[in-house]
Amino acid sequence: MKTASAKSKTDAKDKLKELIRDLDDGLPIGAAKYTVGEAVTNWLAFGLAGRDPETVKNYRNLAAIHIIPNLGKRKLRELSAEDVDEWLADLATKVSTRTVRLLHSVLNRSVKRAQARDKVKRNVVMLCEIPAGQEGRPSKSLTLEQAEAVLKAAENSSLHAYIVLSLLIGARTEELRALTWDHVDLNGNAAATPPVLRSISVWRSVRAGGDTKTRKSRRTLAMPLRCVVALRLHRIRQHSVRTRAEARQRAGKGNGWADLGLVFASEAGTQLDRHNVLRMFRRVVKAAGLEPGDWTPREMRHSFVSLLSDAKVPIEDIARLCGHSGTAVTERVYRHQIRPVMVEAATAMDDIVGRRVREP
C-alpha cells in the first residue's frame, strides 16, 4: 500500500490526491522518483538508434555539460515550465543560439520519451520559448591574396588536393572525405557531343547513411584545370603511400592498404577523421602566414562563394554549385560573401587563380 507524507497534513493530503490521480491515469507509482537526469540518460541510450556516432557523441557531451549538472537531480514530475525558462535564460548568456536550440531539443525529446513511457503526465519543455543566445563566431572568407597564399603553402602537404577542391569548387569537407576515385573524371571527352568536362560527382558524404546533406547536394561539378592537376599529382603520391604500406605488410611490420577507393585517405587507406583534417589544414594555414586558430576547412567553401561572387558569377549559379535548394539558402548562409554577379564557375576559377599550371 502506497502512502504519502509531508511536513503538514494539508501537503500530505495533496500528495495522496496526486497519487490517486496517477493511479486513475494509469501512471506507475515509481514514476514519482524518476528524475530529469534519468530521462535524458534513457533517451541518449535508446532514443538515437541509427544516428551518426559523432551526433550521439555531441548530444552526450552537451547533456553532460549543460543539462545533467543543472536539472539532472530534479524529479521529472516536479519540473515546471518556469524551471526550464530559467535554465534556458541562463544558457543564453553563455552559449550560441544554435546550442540553446539544440539543448532545448535534447531536453524536449528526453521528456517526450519519458511521457510516452508513463513517467510524467505532460511535457513542460514544449511550453517554453527558446531565447536568443550569444552570437557565434561568424564564418569568413579568404581574400584572393590569402587564397593564393594558402594554395601555395598547401603544395607540399598531403592535403593539397583537398584544399584545392574545397577552395576552387566549393565541395563540403564531409563530401570530400567520402569522395572515391570512381566518382572522379580527370580526362573528360572534348570530342563528345556535348563535350564531357573533367569533373567530380558529389554523390556521398560522411554523414549518417552516406547521404549528402540534401537532395540538391548530389551534383556533378566541372573542375578548373588547377583541380585536375592537383588530383593527378595526388593520385601519384597516394600510389606511393599505398606501395609503402603494402611493402610494410609483406615485411610483417604493419597492416597493408585498405583498398576503399577513397581519394583522400589515411596512410592505411581508411577514411580521414575530421580532427586530422583540421590539424593538417591549420598547419597549411600557418605556413601561409595566417593565424591557424582563425580558420577552419569549411571556410574554404565560404571563400569559394566570395571569389566567384567577386568574379561576377550569378547567385543562381553559385547556389547550384554549392548544392543549395535555392538562392535564399546561399544568400542567408553566405550573405557576407555575395555580391552582384555573371560568368560560369570553372572557367571563372581558372581566370581568378590564373592558368599558371601545366597538365602533367
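1. The sheet. In this predicted model, three strands make up an open sheet with the order β1-β2-β3, and their pairing is antiparallel. β1 and β3 are the edge strands, each of them pairing on one side only.

2. Pairing of β1 with β2. These two strands pair in the antiparallel sense over two bridges. V184 has I200 in β2 as its bridge partner. For orientation in the sequence, β1 covers 184-185, and β2 covers residues 199-202.

3. Pairing of β2 with β3. Four bridges join these strands, which run antiparallel. The register can be followed at the two ends of β2: the bridge partner of S199 is A222 in β3, and the bridge partner of V202 is R219 in β3.

4. The faces of β2 and β3. In β2 both faces are covered, with S199 and S201 on one side, I200 and V202 on the other, and all of these residues buried. The side chains of β3, residues 219-222, alternate instead. R219 and L221 point to one face and are buried, whereas T220 and A222 point to the other face and are not buried. A reader tracing the bridges will thus meet buried S199 opposite A222, a residue on the face of β3 that is not buried.

5. A cis peptide bond. The loop between β1 and β2 contains P194. The peptide bond leading from T193 to P194 is cis, and its omega is near -10°. This deserves a remark because most peptide bonds are trans.

6. Packing of α4 and α5. Helix α4 spans residues 81-92 and helix α5 spans residues 97-116; their axes come within 10 Å and cross at roughly 150°. Since angles over 145 degrees count as roughly antiparallel, α4 and α5 are therefore roughly antiparallel to each other. Their crossing is right-handed. On the α4 side the contact involves V84, W87, L88, L91 and A92, which meet V100, L103, H104 and L107 of α5. Sorted by class, the residues of this contact are eight nonpolar, one polar and no charged.

7. L107 within α5. This residue belongs to helix α5. Because its relative accessibility is 0%, L107 counts as buried. Apart from residues up to four places away in sequence, L107 touches V36, V40, I67, L71, V84, W87 and V125. Two of these partners, V84 and W87, are α4 residues in the contact described above. The C-alpha atoms of L107 and V84 are separated by 9.4 Å, with the two residues 23 places apart along the chain.

8. H66 in α3. Helix α3 comprises residues 53-71 and includes H66. With a relative accessibility of 15%, H66 lies under the 20% limit and therefore counts as buried. Leaving out its neighbours within four places in sequence, H66 is in contact with W87, L91, V95 and L103. Among these, W87 and L91 are in α4 and L103 is in α5. H66 of α3 accordingly has contacts with both members of the α4 and α5 pair.

9. A positive phi at D118. What is noteworthy about the backbone of D118? Its phi is near 60°, a positive value in a residue other than glycine. In general, most residues other than glycine have a negative phi. D118 is placed in the loop between α5 and α6, the latter covering 144-154. As its relative accessibility is 37%, D118 counts as partly exposed.

10. Packing of α7 and α9. Helix α7, residues 160-169, packs with helix α9, residues 225-250, at an angle of about 160°, and the axes are 9 Å apart. α7 and α9 are therefore roughly antiparallel to each other. The crossing in which α7 passes α9 is left-handed, whereas that of α4 and α5 is right-handed.

11. Residues between α7 and α9. H160, A161, V164, L165, L168 and I169 are the α7 residues of this contact, and they meet R226, C227, A230, L231, H234 and R237 in α9. The residues divide into eight nonpolar, two polar and two charged. The contact of α4 with α5, by comparison, has no charged residues.

Technical notes: Residues are numbered from 1 along each chain as its sequence is written. This is a predicted model: local features need pLDDT of at least 70, side-chain atom pairs count only at pLDDT 80 or more; totals for chains, interfaces and linings use all residues. Side-chain values use heavy atoms; hydrogens and water are left out. Buried means under 20% relative accessible area, exposed over 50%, partly exposed in between (1.4 Å probe, protein chains only). Two strands pair if DSSP finds at least two bridges between them. Axes are lines fitted to C-alpha atoms, for helices over the stretch in contact, and angles run from 0 to 180 degrees between N-to-C directions. Angles under 35 degrees count as roughly parallel, over 145 as roughly antiparallel, 65 to 115 as roughly perpendicular and the rest as oblique. A crossing is left-handed if the near helix is turned anticlockwise from the far one by less than a right angle, and right-handed if clockwise. Contact means heavy atoms within 4.5 Å. Ala, Val, Leu, Ile, Met, Phe, Trp, Tyr, Cys and Pro count as nonpolar, Asp, Glu, Lys and Arg as charged, and the others, Gly among them, as polar.
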